[in-house]
Amino acid sequence: MQWWLDAKFGLFIHWGLYALPAGEYKGRKTNNIAEWIMHDFQIPPQEYAQLAKQFNPQQFDAKAIVQLAKKAGMGYIVITSKHHEGFAMYDSACSDYTIVKSTPYGRDPIRELAMACQQEGIRLGFYYSQAQDWYDENGYEQDADNEAKNFRKYLDEKCKPQLRELLTQYGPVALIWFDTPLIMTADESKELRDLVKELQPDCLVSGRIGSGLGDYASTGDNFIPLLPTKKPWEVPATLNHTWGFNQFDTAWKQPEAVIRNLIKIVSRGGNYLLNIGPDGSGRVPEESCRILEEVGEFMQGNEESIVGTKALPVYPYDLGWGYLTGRSGKVYIHVLEEKPMVQLLNVCSTIKKVYLLANGEELAFEQRETCEGDACWNIWWPNDDQEAARARLGAAGKVDMVICVEIEEEEVEFEPIDF
Ligand code: FHN
């Protein structure tokens, strides 16, 4: 899974029939995430299924989405192949409830995405709701009487056959993003994991397969761990409050916030899986595109400080003004605030060279002991003028000025603080 550890940043796509009501059904607005509208309003399956007749997302442009992700510096894409609503967003032979068979659109967007990903050299994984299926009478549903269901029948007749299709019809699959296992047993989760690995041994399995059987952990939605964890981890995150498109949700995280989250997550060793929710016409909301494009401008000069980095030993202070990332022989200091100069205490590795990552401009530095005897690095902006240096960095320095410190040692060493 080295590719996944290196990638750090991925694109999540939540897209299904829920993109049509887009947060409102029969004049009633939801205050929950938009893709839950069928459950939240208890819309009967046959009634909800009528949405398929209106689903004709002619604006869906797989290539443009892949290029958007690539330009943002993302290394992989994960798209909902079947969310809890039970509707297959691909050409599935084992159900009639699919985008190909039951919509006027009649195309397989997942095939188009898989082809675009192959052309652009970006990995593609599939979200698959393995336990919740609100359309299938034997699929689980949160807060429903699940004990009464024949889950074995659902597993054998829908879930496993569909996973088999996804893993045999679209070329190499980077990962299966399972979600909400609910009351699935460990044996059932293992059965799905085994199926994935039998069909595609290199395909990763997300943490939400249940019973700790994932290749990596998925944190709670939008929750960033503070402390090191045992397993590699990924933060699935929204750009506003919803995953599926909601016409009323305009609470967009601005590019600054996204860049800060990315750096925070990467500095702690995690991956950031950031969502877009195309609308019912297939169009990606303009705001999502604008935000990702600006993140891309930051990544253009600073990608080296994100992609392929690994978690440093835990730095003993909360810097407040920034974060540290690193790789062999290099420490990247991410400066997110105004600072007359940059000081790191209790760092004892030997500096070779210091420069602004995005334009190579060298910075003066010294290594010394403080009056209290702590090893410390001091770094100065050219002419003591941070703003002028920021201006020279252009878009790459707008939010975060990344300082690259080359060191003699393979790995940076921090002095423990024991007071
Ligand atoms: O219920 C889903 C939700 O709709 C969305 O898919 C998120 C993404 O992480 N997962 C579940 C809630 O955690």
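1. Two residues are in contact if their C-beta atoms, placed from the backbone, lie within 7 Å. With that in hand, take Tyr323 in this predicted model. Tyr323 touches Ile263, Lys264, Ser267 and His334, once residues up to four places away in sequence are left out of the count. Tyr323 itself belongs to strand β11, which covers residues 322–327. Is Tyr323 buried or exposed? Tyr323 counts as buried because 23 C-beta neighbours lie inside 10 Å, and the cut-off for buried is 20 or more.

2. Tyr323 can also be placed relative to Asp143. Along the chain these two residues are 180 residues apart, and their C-alpha atoms are separated by 41 Å. Asp143 sits in the loop between β5 (123–128) and α7. Asp143 has 7 other C-beta atoms within 10 Å, so Asp143 is exposed; the cut-off for that class is 12 or fewer. The backbone of Asp143 deserves a look as well: phi is near 65 degrees, which is a positive value in a residue other than glycine.

3. A positive phi is also found at Ala22, where the angle is about 50 degrees although Ala22 is not a glycine. Where is Ala22? Ala22 lies in the loop between β1 (9–13) and β2 (24–25). Ala22 counts as buried because there are 20 C-beta neighbours inside 10 Å.

4. Next, the ligand. Which residues are around the ligand? They are Ile33, Glu35, Trp36, Asp179, Thr180, Asp221, Pro236 and Trp243. Sorted by class, this shell has four nonpolar residues, one polar residue and three charged residues. The nonpolar ones are Ile33, Trp36, Pro236 and Trp243. The charged ones are Glu35, Asp179 and Asp221, and the polar one is Thr180.

5. Helix α4 (residues 62–71) packs with helix α6 (residues 109–120), and their axes are 8 Å apart at an angle of about 45 degrees. The two helices are therefore oblique to each other. The crossing of α4 and α6 is right-handed. On the α4 side the contact is made by Ala62, Lys63, Val66, Gln67 and Lys70. On the α6 side it is made by Pro109, Glu112, Leu113, Ala116, Cys117 and Glu120. The contact of α4 with α6 has six nonpolar, one polar and four charged residues.

6. What is the angle between helix α7 (residues 151–169) and helix α8 (residues 186–199)? Their axes cross at roughly 25 degrees and come within 10 Å. That makes α7 roughly parallel to α8, because angles under 35 degrees count as roughly parallel. This crossing too has a handedness: α7 and α8 cross in a right-handed way. From α7, the residues in the contact are Leu155, Lys160, Leu163, Arg164, Leu167 and Thr168. From α8, they are Glu188, Leu192, Leu195, Val196 and Leu199. Seven of the residues in the contact of α7 with α8 are nonpolar, one is polar and three are charged.

7. A further helix pair is α9 (residues 255–267) and α10 (residues 286–302), whose axes come within 9 Å and cross at roughly 55 degrees. That makes α9 oblique to α10. The crossing of α9 and α10 is right-handed. Pro255, Val258 and Ile259 of α9 meet Ile291, Glu294, Val295 and Phe298 of α10 in the contact. By class, the contact of α9 with α10 holds six nonpolar residues, no polar residues and one charged residue. The charged residue is Glu294 of α10.

8. Leu345 is found in strand β13 (residues 341–345). Leaving aside neighbours within four places in sequence, Leu345 is in contact with Tyr317, Thr370, Asp374 and Cys376. How many residues apart in sequence are Leu345 and Thr370? They are 25 residues apart in sequence, and 8.4 Å apart in space from C-alpha to C-alpha. Leu345 counts as partly exposed because it has 17 C-beta neighbours inside 10 Å.

9. The last point concerns Glu411, which is in the segment after β17 (401–407). Glu411 and Leu312 are 99 residues apart along the chain, while their C-alpha atoms are separated by 7.8 Å. With 14 C-beta neighbours inside 10 Å, Glu411 counts as partly exposed.

Conventions. Residues numbered from 1 in each chain as written. Predicted model: local features only at pLDDT ≥ 70, side-chain atom pairs only at ≥ 80, totals over all residues. Near = placed C-beta within 6 Å. Axes fitted to C-alpha atoms, helices over the stretch in contact; angles between N-to-C directions. Helix = DSSP H or I, 4+ residues; strand = E, 2+ residues; numbered from the N terminus. Parallel < 35°, antiparallel > 145°, perpendicular 65-115°, else oblique. Left-handed = near helix turned anticlockwise from the far one by under 90°.
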